Each structure stands twice: as structure tokens, then as C-alpha cells.
Amino acid sequence: MRFFPRLNSIKKLFMKNIKSQLFLFITISFLILSCSKDPASTNTKPILLLSKTTLKIGEPLYATLNGQANNTNVAWSSSSNGQVWASTSTDSATYLFTNPGTYTVKANFQSSINGSNDSTYGNVIVTDSIFSDTTTVSCDVIVVKNLTSDDQINLTPVDYSDTGLVFVAHTTNLYNHSPLLNSNGEIHISESGFEVDINSTLIYPCFGSTAPAPAIGLVAITGLTNRTYTLAFKVNGTTYSGTMNVTDSGITISWTYSSGVTISPLTIQKTPH
């Protein structure tokens, strides 16, 4: 009988250890479950997918995230000279580059639960060739969509040679299905210079990304000699006018508009082809 108190003590100690371990197990399980609800605390990153890794000047690049977790906010960015438009859901973006070089495309994602940050990135090469899309000719359906009344056109001169001056043009507003700007169809030539009418974009439902993106296109002005020309762009019925001085070494554009139709830069050097 004198051994019973000791057995009771051992039993109490054993039960105490069981309760402690059970409490510890429940606590750890709760922490694991809590962490699993926070996408930024896991080791799994969204995968960055790029439509291409080698592009031409003015060729749209489509970037998407595969496996983006809930409760995350994504900010898209690039190294210098990259313009970017993110989709409403932020899980995709359209990039446009107007200079050759190597660029880094980056997606920064932040947890809306605890504010933690992470990122993923990829590199693309932009060659010195100018993009002229021909893959869309296989589309059976081509929709001509008028530009929205508040849209604006942004132009970047990217090449000047004996064959003429080439601008990459894009809209400020976004359209569905990899839109191409209908920008080369109406170029009116007069003794004084050139007028380019831009009123619509071409929608190709069978081609490219379905996410909204700027309409992108080329404007090519040919037959230039050394002199000063008038240069006008007519968008949605409004005409924006300036001048263009052509010399052997380059072109200087006089343009005073900061909205409606913008041109940047205003000078471009001649490159032999």
C-alpha cells in the first residue's frame, strides 16, 4: 500500500505531460492554419509568364502571373524606357518598348493581410528592328472599333532614314483583344506637309491576349526632302498641328501639345540603312 502514493504521483505527472503536449500540438496546428491563409507567408511564388523574350521595337509584350494568391496586390514595373499597362485584376500587364536594349520586367506583390512583400522578374531583349505585325491576317473576324471620345494618341519617333520617318503610336485608353491602332490608313499629303487621321482600332478576337491593352501601331511618313513641313494629326475630329524640319542629319519637330496628341522625343537623328 505504501507504493500507491508514488504511483499516483507518476500518474499525475504523466497526465500533465499529455495535457502540455496536447496544448502545444493545438497551438502549432493553429499557427500552421493561420499561416496557410496568408499567401505572402508561403514559399510558393506566382510564376511570371512572358509572351516573348525577344521583341522588336513597338512590339507588345504580354506578361501574366500564374498562381497569384488571393489577398495580394501586384505592381508591375520595368527598367528604363518601358511603358506598362496593368489589367484591372493586376494579374497581367502589357509592355511597350521604343528603344533597343535589354529590359527587366518585374512584378511586385504585397499581402493585403500583413503587408509582406515579394517579387518575381524576367528579362527581355528588344532588337533594333521595327515591329510590323503580320500574324493577325489569319483571323477570320476583324472588328473595327472607333476610338473612345476621350482617348489620346502618344507618338514616339523610332527611325529616320532615306526611306522616311517612322513613329510608334499608341492610345492612352485600353481595348480588348490585342488591339492594333488603325494609324497608317489615312495619311493625306499636300504641298505644305502631312495630315494623319486616326479614328479607330482593329480588334482581332483570335489573336493575342484578351486582357485590355493600348492600341499600338506605326505611322510611316515617306518622301521626305530637306525642308520644313507642316505635320498634323486629326483624332476624333480634332486637329493637332505643328511643323517638322528635315535635314541631312535628322528631324526636329515643333509640337506644343501636352494632351490630345503628344510626341516625344521631338528630335531624331538620321540612321543609314
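Ring pairs tie Phe-167, Phe-233, Tyr-240, Trp-255 and Tyr-257 into a cluster. Rings of Phe, Tyr and Trp (its six-membered ring) count as a pair if their centres lie within 6.5 Å, with planes under 30 degrees apart called stacked, over 60 edge-to-face and the rest tilted. Keep in mind that this is a predicted model, where local features need pLDDT of at least 70, side-chain atom pairs count only at pLDDT 80 or more, and totals for chains, interfaces and linings use all residues. Residues are numbered from 1 along each chain as its sequence is written, and side-chain values use heavy atoms, with hydrogens and water left out.

Searching the whole structure turns up seven aromatic pairs. In one of them, the ring centres of Tyr-95 and Phe-97 sit 6.1 Å apart with the planes at 5°, so this pair is stacked. Tyr-95 is buried, at 0% relative accessibility, and Phe-97 is buried too, at 1%. (Buried means under 20% relative accessible area, exposed over 50%, and partly exposed in between, using a 1.4 Å probe and protein chains only.) Back in the cluster, Phe-233 and Trp-255 make an edge-to-face pair, 6.0 Å centre to centre with 80° between the planes. Phe-233 belongs to strand 17 and Trp-255 to the loop between strand 19 and strand 20, so the pair ties together parts that are 22 residues apart in sequence. Both Phe-233 and Trp-255 are buried. Strands here are DSSP runs (E, at least two residues), numbered from the N terminus.

Now for the nonpolar packing. In soluble globular proteins, nonpolar side chains tend to be buried together. A nonpolar core here is a set of buried Ala, Val, Leu, Ile, Met, Phe, Trp, Tyr and Cys residues joined through side-chain atoms within 4.5 Å. The largest one has 30 residues, and those touching the most other members are Ile-153, Leu-155, Phe-167, Leu-224, Phe-233, Met-244 and Ile-251. Among the elements that give it two or more residues are strand 10 (153–161), strand 11 (164–175) and strand 17 (228–235). Apart from it lies another core, of 23 residues, including Leu-61 and Val-126. Setting aside neighbours within four places in sequence, the contacts of Phe-167 (heavy atoms within 4.5 Å) include Leu-155, Leu-231 and Ile-263.

Strand 10 also holds a polar residue, Asn-154. At 18% relative accessibility, Asn-154 counts as buried. The side chains of Asn-154 and Thr-172 are joined by a polar contact of 3.1 Å. That term means a pair of N or O atoms within 3.5 Å; within protein, one must be able to donate a hydrogen and the other to accept it, and residues adjacent in sequence count only if both atoms are side-chain atoms.

Further along, Thr-271 comes in the segment after strand 21 (267–269). Thr-271 is partly exposed, at 32% relative accessibility. Its C-alpha atom is 5.4 Å from that of Ser-161, although the two residues are 110 residues apart along the chain. The side chain of Thr-271 also makes a polar contact with the side chain of Asp-159 (3.4 Å).

Finally, look at the open sheet, where four strands run in the order 1-3-6-5 with antiparallel pairing. Strands pair if DSSP finds at least two bridges between them. Strand 1 (47–50) and strand 5 (82–86) are the edge strands, each pairing on one side only. Strand 1 pairs with strand 3 (residues 61–66) over four bridges, and Leu-49 has Thr-64 as its bridge partner in strand 3.
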